[in-house]
Number of protein chains: 2
Amino acid sequence: MSFPRRVRIVEVGPRDGLQNEARILPTERRIALIQGLVQAGLTIIEAGSFVSPKWVPQMADTASVLAGLDLDAGIAYPVLAPNMKGYSEARAAGAREVAIFAAASESFSQRNINCSIAESLDRFRPVAEAAAQDGVRLRGYVSCVLGCPYEGDVPVSRVRDVSQALMQLGCYEVSLGDTIGVGTPLKARAMLQTVAEAIPMAALALHFHDTYGMALANIFACLELGVSVIDAAVGGLGGCPYAAGASGNVSTEDLVTMLDGMGIETGIDREALIAAGQIAVAGLGHPARSKLAAARAQAP
Amino acid sequence: MSFPRRVRIVEVGPRDGLQNEARILPTERRIALIQGLVQAGLTIIEAGSFVSPKWVPQMADTASVLAGLDLDAGIAYPVLAPNMKGYSEARAAGAREVAIFAAASESFSQRNINCSIAESLDRFRPVAEAAAQDGVRLRGYVSCVLGCPYEGDVPVSRVRDVSQALMQLGCYEVSLGDTIGVGTPLKARAMLQTVAEAIPMAALALHFHDTYGMALANIFACLELGVSVIDAAVGGLGGCPYAAGASGNVSTEDLVTMLDGMGIETGIDREALIAAGQIAVAGLGHPARSKLAAARAQAP
């Protein structure tokens with residue numbers, strides 16, 4: 001067991017976070033949020049999705065968001081592009097990195113994207129081929145890695161196999177998502193260990209939701225195996241459609257607090273991060289779901 | 001490193017939790033809360049304090065609370081009794097277990113109880129002697145084990161020495177308190193390891209506050225060393241006088257979620273625990289600070 005010296009945080013608040021918020025943030029505020037995150041030191045920020053605005057109205061103007069950003073400043077702005085229509089729109093908007101997502105649970109795949117896991121991988125193939133040809137970086141997500149709202153437990157061998165399929169499609173990294181936040185530390189670590197038998201640890205990321213407050217403990221347990229890429233959302237943006245009112249992604253602020261305390265470098269300034277989070281929550285009608293932000297905001 | 005098979009949770013919500021809440025819970029509701037906790041399977045529940053009602057009005061009627069409980073039902077109800085006046089009152093009220101508390105930081109000791117650490121230990125001596133004579137169990141607390149609001153870092157050797165002094169006074173167990181919640185996992189584990197050089201692990205408890213969201217990760221890191229007693233407060237009751245609006249003790253509900261997921265026995269029923277927490281928060285004017293309670297309470 002060895003902790004990483006440095007962790008790369010992938011900020012997913014402007015996409016995974018905002019798409020699970022009830023209120024839609026105006027384009028200008030989404031851009032300001034992302035610029036605030038750059039100020040705080042984040043270098044990879046998921047900026048939106050090119051999916052049907054009927055299903056995800058929060059992300060409808062992702063092209064305008066990208067248009068408002070400096071795409072040449074050395075910051076990666078991946079966007080979700082699950083099919084060729086989305087991929088073409090993403091490219092037209094200037095995207096240089098796209099993300100695709102598969103589930104580790106058949107029931108979740110059927111209910112979330114109306115096809116089997118195998119079918120979803122087939123649908124990603126043309127996107128992956130086009131990305132390879134265009135020199136566009138491809139990131140993969142696997143959902144339900146620690147449990148499914150319909151099936152309950154998900155076999156770790158399935159998580160490993162789906163992750164491997166995404167790597168074979170050409171992803172440089174696979175992000176392991178505890179979509180409904182039901183993981184606990186030893187299960188999270190065992191899952192990561194199994195996936196790492198098939199994929200180098202350096203190509204694996206954690207994407208844990210804090211629905212039941214377990215995210216940081218799960219991350220700590222996995223850091224002991226050497227994982228060094230972690231997805232997080234400033235202000236703990238987002239929620240859980242399967243547990244209304246629950247927390248969303250692990251808060252970037254609280255993750256950085258933990259990593260700072262462990263002497264693991266992130267390159268992120270916590271105060272600037274809190275400020276960036278305020279840009280978002282000021283437009284969402286609820287306070288930041290970050291313990292650090294809460295403790296600071298109400299300090300005497 | 002070896003995880004414990006079973007963890008004993010010491011419920012501190014009715015004392016450490018409630019004494020840090022702005023609203024004072026009526027006696028009847030405090031009794032109902034404690035009875036709810038017994039129903040949930042807790043067997044050691046801190047029931048109150050015998051300290052000056054001028055300083056801690058929330059605990060003023062602790063004798064009435066004890067009078068409303070069945071003290072012969074095999075449940076331990078420790079109460080704080082930092083001096084002979086408090087001890088006598090506790091005994092008159094039927095208490096069979098008392099707790100004393102010292103700080104690991106000189107500045108905190110001075111500001112919190114107006115004396116040095118050494119003086120505080122001297123003051124506890126007559127309480128400890130009386131308890132030994134009366135067959136009353138004595139529990140010790142050490143505060144600021146991972147940091148002090150006035151001094152910042154606290155040397156782990158000081159935590160070890162103060163813990164040892166409490167054991168020498170006759171405490172059967174010392175609870176290590178991260179009073180302001182500034183600990184992170186590796187520091188928490190290193191602190192515990194140092195204290196465990198002087199005191200058997202079986203006589204050590206963790207008492208972590210969740211001010212910055214680190215409590216569960218810190219507990220997980222320490223569980224790997226085999227610690228098997230953990231203080232927690234239902235509904236995450238309490239707060240932090242040094243960070244207004246911040247979280248208090250780690251929530252018992254969320255702790256049990258983590259331990260259940262790790263296959264570590266607690267004997268506690270989570271649904272009954274959530275119900276007990278509701279008894280308290282219904283009288284406090286804010287929702288439970290427990291992710292589990294939040295996810296359940298607002299579920300569709």
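**Entry 1: a term, then A:Ser290**

I began with a term: helices (H or I, at least four residues) and strands (E, at least two) are DSSP runs, numbered from the N terminus. I also noted that this is a predicted model, and I kept that in mind while reading every entry below.

With the term in hand, I looked up A:Ser290 and placed it in the loop of chain A between α11 (270-281) and α12 (291-297). Is A:Ser290 buried or exposed? I found a relative accessibility of 3%, and because buried means under 20%, A:Ser290 counts as buried. When I set aside the neighbours within four places in sequence, the residues in contact with A:Ser290 were A:Gly235, A:Ser251, A:Glu253 and A:Asp254. I then turned to the side chain of A:Ser290, where a polar atom lies 3.3 Å from the backbone nitrogen of A:Leu292.

**Entry 2: two more loop residues of chain A**

I looked next at A:Asp61, which is found in the loop between β2 (48-49) and α3 (62-67) of chain A. Its relative accessibility is 19%, and since the limit for buried is under 20%, A:Asp61 counts as buried. Which residues does A:Asp61 touch, not counting those up to four places away in sequence? I noted A:Thr27 and A:Arg30. I also compared sequence with space: A:Asp61 and A:Ala282 are 221 residues apart along the chain, and their C-alpha atoms are separated by 20 Å.

I then went to A:Asn83, in the loop between β3 (79-80) and α4 (84-92) of chain A. At 37% relative accessibility, I recorded A:Asn83 as partly exposed. Here I took A:Gly170 as the partner, 87 residues away along the chain, and the C-alpha atoms of A:Asn83 and A:Gly170 are separated by 15 Å.

**Entry 3: positive phi**

I checked backbone angles and stopped at A:Asn114, which has a positive phi of about 60° although it is not a glycine. A:Asn114 lies in the loop between α5 (106-113) and α6 (117-134) of chain A, and at 63% relative accessibility I recorded it as exposed.

I stopped again at A:Cys144, a residue other than glycine whose phi is positive and near 60°. A:Cys144 is placed in the loop between β5 (137-143) and α7 (156-168) of chain A. Is A:Cys144 buried or exposed? I found 0% relative accessibility, so A:Cys144 counts as buried.

**Entry 4: a helix residue, A:Ile279**

I moved from loops to a helix and looked up A:Ile279, which is found in helix α11 of chain A. At 25% relative accessibility, A:Ile279 counts as partly exposed. Leaving out residues up to four places away in sequence, I saw that A:Ile279 touches A:Arg29, A:Ala32 and A:Leu33. I also noted A:Thr257, which is 22 residues from A:Ile279 in sequence and 20 Å from it in space, C-alpha to C-alpha.

**Entry 5: helix pairs in chain B**

In chain B, I looked at helix α2 (residues 27-39) and helix α11 (residues 270-281), whose axes come within 8 Å and cross at roughly 175°. Why do I call them roughly antiparallel? Angles over 145 degrees count that way, so α2(B) is roughly antiparallel to α11(B). On the side of α2(B), the contact is made by B:Arg29, B:Ala32, B:Leu33, B:Gly36, B:Leu37 and B:Gln39, and on the side of α11(B) by B:Ala272, B:Leu273, B:Ala276, B:Ile279 and B:Ala280. I sorted these residues by class and got eight nonpolar, two polar and one charged.

I then took helix α4 (residues 84-92) and helix α6 (residues 117-134) of chain B, with axes that come within 9 Å and cross at roughly 25°. Because angles under 35 degrees count as roughly parallel, I wrote down α4(B) and α6(B) as roughly parallel to each other. Their crossing is right-handed. The contact joins B:Met84, B:Tyr87 and B:Arg91 of α4(B) with B:Pro126, B:Val127, B:Ala130, B:Ala131 and B:Asp134 of α6(B). By class, I found six nonpolar, no polar and two charged residues in the contact of α4(B) with α6(B).

**Entry 6: a helix pair in chain A**

Last, I looked up helix α8 (residues 185-195) and helix α9 (residues 215-223) of chain A, which pack at an angle of about 40° with their axes 8 Å apart. That angle makes α8(A) oblique to α9(A), and the crossing of the two is right-handed. From α8(A), I listed A:Pro185, A:Ala188, A:Arg189 and A:Leu192 in the contact, and from α9(A), A:Ala217, A:Asn218, A:Ala221 and A:Cys222. The classes here are six nonpolar, one polar and one charged.

Technical notes: Residues are numbered from 1 along each chain as its sequence is written. Chains are lettered from A and ligands numbered from 1 in the order in which they are written. This is a predicted model: local features need pLDDT of at least 70, side-chain atom pairs count only at pLDDT 80 or more; totals for chains, interfaces and linings use all residues. Side-chain values use heavy atoms; hydrogens and water are left out. Axes are lines fitted to C-alpha atoms, for helices over the stretch in contact, and angles run from 0 to 180 degrees between N-to-C directions. Angles under 35 degrees count as roughly parallel, over 145 as roughly antiparallel, 65 to 115 as roughly perpendicular and the rest as oblique. A crossing is left-handed if the near helix is turned anticlockwise from the far one by less than a right angle, and right-handed if clockwise. Contact means heavy atoms within 4.5 Å. Ala, Val, Leu, Ile, Met, Phe, Trp, Tyr, Cys and Pro count as nonpolar, Asp, Glu, Lys and Arg as charged, and the others, Gly among them, as polar. Buried means under 20% relative accessible area, exposed over 50%, partly exposed in between (1.4 Å probe, protein chains only). A polar contact is a pair of N or O atoms within 3.5 Å; within protein, one must be able to donate a hydrogen and the other to accept it, and residues adjacent in sequence count only if both atoms are side-chain atoms.
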